[in-house]
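Visitor: I would be grateful for a close examination of one part of this model, namely its sheet and the metal site that accompanies it. Please proceed from the strands to the ions.

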Amino acid sequence: MQVKYLGHACFLLVENDTAILVDPFLTSNPVATVKAADVTANYILVSHHHTDHAEDVAEIAQANGATVISTAEIAQHFADLGLTTHAMHIGGKHGFDFGYVRLTPALHGAGIAGGHACGFVINLFGTVIYHAGDTGLFGDMRLIGELEDLDLALLPIGDNFTMGVGDAVRAAALLRAPKVIPMHYNTWSLIKADPQAFKQQVEEETAAEVIILQPGEELEL
Ligand code: NI
Ligand code: MN
C-alpha cells in the first residue's frame, strides 16, 4: 500500500481501489503540495473539527461521494451538510469493505460543541496504521500497541497543541510500531520541530525506524 503525506496531519492511504484520506487540510495549508480538487478518496477520516484537520472534508467528500468517518457529533455535523457519514465513538471498532477502523482516545479538543477528538487505528487490507490525531501523550498508547499489531504509527511532534519530540519518542516506545512517521510540525513557526532529532532519539531508544516524509512524498508499505 501507499502512504502519501499531504502535509500537516493529512495522509492518503491507498491500496487496491480504496483510498482513505485522513484529516484533509490543503486549501490554507502553507506546506501542502496538492489541491483539494485533485484528491480522490472513498473514505475521509476526521480526527476532530479544527480547521487544520477538517478544512477540506466537505469539498472532497462531496466531489467523490466519499463516506466521512468520525466521532458521532462531528459525523452529525457533516451529515447535516448532506454528506454520507459513518458515526463511531472512542473504543469502538467497525468493519468496512477494506478492513476496519478503531477509534482511539486523543487528549485534545473536538472543535465542535459536545464532541470528542479521536485517533484512528486503520486496518487496510491487513496493514495496520495508527494515526494519533492531535493528542498529548497518554499511557494507554501502550494498550493500543497491545490490542493492535501496528505496522506504522503517525505521530505529532510539533508541541504546543500536541506532543512534542520528547513525548512522541515515549509514544513510539509505548506503541511498538516498527515504523513511525512524524507529523503536525513545521507547518507554522509555532509548531517548529526537528524531525531528525525525533528520528535519532526514537531509533536510539526503540526498535522502530522513523521515516521522515516531506509534503507530497510517499512511503510504500
Ligand atoms: Ni487540533
Ligand atoms: Mn492540529
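Guide: In this predicted model, strand β9, residues 118-124, is joined to strand β10, residues 127-131, by five bridges in the antiparallel sense. Within this pairing, V121 faces Y130 of β10. In general, the strands of a sheet pair through backbone hydrogen bonds, in either a parallel or an antiparallel manner.

The two strands belong to an open sheet of seven strands with mixed pairing, ordered β7-β8-β9-β10-β11-β12-β13. The edges are formed by β7 (93-96) and β13 (209-210); each has a single partner strand, so one side of each lacks a neighbour in the sheet. Helix α5, residues 165-175, lies across β10, β11 (152-156) and β12 (179-183), and runs at about 160° to β11.

Turning to the metals, the manganese ion (ligand 2) is coordinated at 2.1 to 2.2 Å by D52 (OD), H53 (NE2), D134 (OD) and H184 (NE2). Along the chain, the donors of this manganese ion follow the spacing D-H-x80-D-x49-H. Distant parts of the chain are thereby linked: D52 is in helix α1 (residues 51-54), whereas H184 is in the loop between β12 and α6 (195-205), with 132 residues separating the pair. Both D52 and H184 are buried, each having under 20% relative accessible area. D134 has a further role in the geometry of the site, as this residue bridges the manganese ion (ligand 2) and the nickel ion (ligand 1), which are 3.2 Å apart.

Key:
Residues numbered from 1 in each chain as written. Chains lettered and ligands numbered in written order. Predicted model: local features only at pLDDT ≥ 70, side-chain atom pairs only at ≥ 80, totals over all residues. Heavy atoms only, no water. Pairing = 2+ DSSP bridges. Helix = DSSP H or I, 4+ residues; strand = E, 2+ residues; numbered from the N terminus. Contact = heavy atoms within 4.5 Å. Axes fitted to C-alpha atoms, helices over the stretch in contact; angles between N-to-C directions. Donors = N, O, S within 2.8 Å, 3.2 Å for Na, K, Ca; no water. Buried < 20%, exposed > 50% of the residue type's maximum accessible area, 1.4 Å probe, protein only.
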